[in-house]
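The exercises below ask the reader to work through one model step by step. Please keep the sequence and the coordinates in view while following each solution.

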Amino acid sequence: MSMSQNDTQSDGMQNPRVTWESCSVLLDINDGDRLVFARLTPGSNVKIGNKNYSLRPLIGCPFGSLFQTDNGKEGPCLSRIIPSKEGNDPEEKGDCEVINEVKDNRALVDNNKAQSLSGEAIDEMRRQGAKGDDIIEALIANSATFEKKTVFSQEKYRLKKQKKYAPKVLLRRPFSRSICEAYFKKYPARIGFLRMDALSLLLSMANVTANSNILLVDMIGGLLTGAVAERLGGTGYVCNTYIGGTPYSIDIVRMFNFNNDICKRIVRAPLSALCSPQDEISEQTGGHEGVPNVESNDQSSSVSMEEIPQSSEHQNADLDQNTSVSPRSKMGKAQKPGEKAPHEALKSWKEHGFSSLIIAAPDVDVWSLIKDLLPLLSYSAPFAIYHQYLQPLAMCMHNLQLEKMAIGLQISEPWLREYQVLPSRTHPAMQMSAFGGYILSGIRICKS
């Protein structure tokens, strides 16, 4: 069934498992060597090596599809790889082959003389239209030491050549975990060094569930806002509060591919409006509902997410480069996340309070925020505060105990270890972060 993009975006009927035109995707090049955020349009492309590859073949493909660079009739292109059932046959390669391995690499000498295929010959094969897999097989056939290597070394050799001559692109769906992993791997400072396990623990301790009204202080680019909105699924409200007259940037939210039902649940309100009496709310909000965010804010603030430009005249932009986002194409009357909170919602929050509070503000004193924000919660409502360092949370916890504002206070330190799971070589990953920040959690009580 065909459907226009505007109707799809407005009605929210888009299949989340399949890409569509103008959707955001995460391109995983060569198994994590490069991570690129892109917006799929007919004119967008990605630069791999010294060649530009069009992203048009990725439109309409399910997330998780694997693509390989190829030489088409019109030049370099990305062709989809369909996994065969034969490669998944467990009888094809059993564990006995690994156990009975008797070869080793002690006699091998890396003197650059084992490969007889010259660079000129490889260039000639490319000019004749040879595919990357053909070049890899030629390199293996002309290697004098390949057969002497162990099975593990042969796999490493093949993988190394495949990344150079036949790069692969994995089409990933941008959601909380993949976006957090991508930023934490390349630019962790942009998200306050928030690791994915700390993000999940933060949502769990704050009891983020459907039909909740969550009060947020998101100073990590919008990652926390997107994660909360994704879990709410179009129910309740996500209210971003801020100090002063300029809202904090939430540009990362645009990578989540939220529909209008979810975007209209992401609102903003200054702290002064939330703390003011009832009769002053209408004056500060202007008596209007859903006033759009000022355009000057998007232009002046630096963009913390990256996209591939939609024109081949520009260079590729990924997480390895500090670039800004090209203007987003208009898609009908799409709802913009981060509009002003409606007057009725502000009035309800003033009367009943928020159901939970989450703070991720690395550059602001935690206690100065929590002493003003905690009274905005309903009684027995949970709160969770993330910080990269322990001392600010310890001081905040001590002050909360002295003021008798909360119970069940605890500081948690999430711990995560990534393992490589392969036959006869299962071990923790050699390079991984051992630090995931700290989380202060508790429950608000009535101060008597």
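**Exercise 1: Confidence**

Over residues 320-332 the pLDDT (the predictor's confidence in each residue, from 0 to 100) stays under 50, and the model has 28 contacts for this stretch beyond four places in sequence, a contact being heavy atoms within 4.5 Å. Task: establish which other stretch has pLDDT below 50, and what the mean pLDDT of the protein chain is.

Solution. This is a predicted model, in which local features need pLDDT of at least 70 and side-chain atom pairs count only at pLDDT 80 or more, whereas totals for chains, interfaces and linings use all residues. Residues are numbered from 1 along each chain as its sequence is written, and side-chain values use heavy atoms, with hydrogens and water left out. The mean pLDDT of the protein chain is 80, and 79% of its residues reach 70 or more. The other stretch is residues 1-12, where pLDDT is below 50 and the model has 16 contacts beyond near neighbours in sequence. Where pLDDT is low, the predicted coordinates should not be read in detail.

**Exercise 2: The sheet**

Task: determine in what order the eight strands of the open sheet follow one another, and which are the edge strands.

Solution. Helices (H or I, at least four residues) and strands (E, at least two) are DSSP runs numbered from the N terminus, and the protein chain has 15 helices and 17 strands. Two strands pair if DSSP finds at least two bridges between them; by this criterion the order is E11-E10-E9-E8-E12-E13-E17-E14, with mixed pairing. The edge strands, each pairing on one side only, are E11 (339-340) and E14. Within the sheet, E12 and E13 run parallel and are joined by four bridges, and Ala360 stands opposite Tyr386 in E13.

**Exercise 3: The largest nonpolar core**

Task: identify which element gives the most residues to the largest nonpolar core, and then follow the surroundings of Leu224 and H7.

Solution. A residue is buried under 20% relative accessible area, exposed over 50% and partly exposed in between (1.4 Å probe, protein chains only). A nonpolar core is a set of buried Ala, Val, Leu, Ile, Met, Phe, Trp, Tyr and Cys residues joined through side-chain atoms within 4.5 Å. The largest such core has 41 residues, and among those touching the most other members are Ile179, Leu224 and Ile358. Elements that give two or more residues to this core include helix H6 (176-186), helix H7 (196-205), helix H8 (223-232) and strand E12 (356-360), and H8 gives the most, with six. Leaving out residues up to four places away in sequence, Leu224 touches Leu199, Leu202, Leu203, Leu216, Asp218, Ile358 and Ala360. In H7 the buried residues are Asp197, Ala198, Leu199, Leu202, Leu203 and Met205, and their cover includes H6, H8, E12, E13, strand E14 (406-412) and strand E17 (438-444).

**Exercise 4: Two individual side chains**

Task: decide whether Arg39 and Trp349 are buried or exposed, and describe what surrounds them.

Solution. Arg39, placed in strand E2, counts as buried because its relative accessibility is 1%. The side chains of Arg39 and Ser24 are joined by a polar contact of 3.2 Å, a term for a pair of N or O atoms within 3.5 Å where, within protein, one must be able to donate a hydrogen and the other to accept it, and where residues adjacent in sequence count only if both atoms are side-chain atoms. Trp349 lies in helix H13 (residues 343-352) and is buried, with a relative accessible area of 5%. Beyond its neighbours within four places in sequence, Trp349 is in contact with Asn213, Tyr237, Cys239, Val267, Leu274, Ala341 and Phe354.
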